[in-house]
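Visitor: Good morning. Could you walk me through this structure?
Guide: Certainly; here it is.
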There are 2 protein chains.
Amino acid sequence: MNPTIKALPKQATTSTTSTAITILNKYLSIPHNMNSMGKCFTEEQEALVVKSWNAMKKNSGELGLKFFLKIFEIAPSAQKLFSFLRDSTVPLEQNPKLKPHATSVFVMTCDSAVQLRKAGKVTVRESTLKKLGATHFRTGVANEHFEVTKFALLETIKEAVPEMWSPEMKNAWAEAYDQLVDAIKSEMKPPSS
Amino acid sequence: MNPTIKALPKQATTSTTSTAITILNKYLSIPHNMNSMGKCFTEEQEALVVKSWNAMKKNSGELGLKFFLKIFEIAPSAQKLFSFLRDSTVPLEQNPKLKPHATSVFVMTCDSAVQLRKAGKVTVRESTLKKLGATHFRTGVANEHFEVTKFALLETIKEAVPEMWSPEMKNAWAEAYDQLVDAIKSEMKPPSS
């Protein structure tokens, strides 16, 4: 057994992963409501994100598409950032690659939010985060695009679960999105040669 | 009397300005639903814009502020384009310069839409258009900002007059906004020295 873990109070070895992380963070002087990046994502925020994701995930395809159509409604010029839209001659809604792409982005974003507290950091696999960073760098995604995408995501979720929507739920999703974007931005650099 | 006008059929001298422009455009081979820039703004679109503006104008202050707060909700970083926000230490909603500025932009935008067909072109006074172009150029306004502003404007009007809102009304305001932006963009250049 790892000697550091051995030195912790008995409860650490018998409790849940989440409690173990809380205790570890305490030993590392990180407040219990912050993750290893020093950012806050509370138990309440996690519960709100999990609850709404459970209600949405069966409709990931429709919601993902709605999310992306909302981005392009607000910022039509963002279409030029996607090669499969830029080179296309069919209308946006009929593009065969849009829905699969939109769905995977939506699911990845929500998954990252759901895992955020348990994992103690943004979890998309390391290779994916690097790839995401490189792609966003290469295509020239600007801060304004991340902002519009955040607004579109929050609107999509609000319209998907109006009965459970609240300022607290909005803040929870906003915080999770901001942490995902920070993680992507930290990898936005030219590929190492 | 101008000899060109004299040569027009009798109805031209007795009809309204708008009919005179239609007939002039016909003689100049411009279709009657296009203005002197060759852009379309129909009588129906004018009626929709006038009708909604008449319902909104008494609330210009509140609506202008709502319009700008919506822009900043979607794109918080756009605040840095405004010196009175950039250098401010008070919260956005309490900034004393925001509401007057937002109101004047909202009224100018709506006035331009209302006048568009009658005038046959975007009407903000020539000096104002030049000034608007120079200011937008100097502060570094990007295409994405004009897009977000368009979305925020349409949402603000939709929420202001929900009972008369329709796809046709949305298109009318969108067209008028696009023509205003084109006119501003045509003046977005460094000041002549």
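Guide: What follows covers how the two chains meet and how some helices of chain B pack.

Visitor: What kind of model is this, and how are things numbered?
Guide: This is a predicted model, in which local features need pLDDT of at least 70, side-chain atom pairs count only at pLDDT 80 or more, and totals for chains, interfaces and linings use all residues. Residues are numbered from 1 along each chain as its sequence is written, chains are lettered from A and ligands numbered from 1 in the order in which they are written, and side-chain values use heavy atoms, leaving out hydrogens and water.

Visitor: What turn lays chain B on chain A?
Guide: A turn of 180 degrees with a shift of 0.0 Å along the axis does so, with an RMSD of 0.0 Å (a least-squares superposition on the C-alpha atoms of residues with pLDDT of at least 70 in both). The two copies are thus related as by a two-fold rotation axis. In chain B, the C-alpha nearest that axis belongs to B:Glu144, 3.7 Å from it.

Visitor: How many residues does each chain give to the contact?
Guide: Chain B gives 13 residues and chain A gives 13 residues, where contact means heavy atoms within 4.5 Å.

Visitor: And how much area do they bury?
Guide: About 1,100 Å² is buried between chain B and chain A, 54% of it on carbon and sulfur atoms; buried area is the accessible area (1.4 Å probe) that two parts lose on being put together, summed over both. On the chain B side, B:Glu144, B:Glu147 and B:Phe151 lose the most area, together 45% of what that side buries.

Visitor: How many salt bridges cross the interface?
Guide: The rule finds four, a salt bridge being a side-chain nitrogen of Lys or Arg within 4 Å of a carboxyl oxygen of Asp or Glu. B:Glu73 and A:Lys170 meet in a salt bridge through their side chains, at 3.4 Å from N to O.

Visitor: Changing topic: at what angle do H7(B) and H10(B) pack?
Guide: Helix H7 (residues 98-119) of chain B packs against H10(B) at about 105 degrees, with the axes 9 Å apart. That makes H7(B) roughly perpendicular to H10(B) (angles of 65 to 115 degrees count as such, under 35 as roughly parallel, over 145 as roughly antiparallel and the rest as oblique). Helices are DSSP runs (H or I, at least four residues) numbered from the N terminus, and axes are lines fitted to C-alpha atoms over the stretch in contact, with angles from 0 to 180 degrees between N-to-C directions.

Conventions:
Helices (H or I, at least four residues) and strands (E, at least two) are DSSP runs, numbered from the N terminus.
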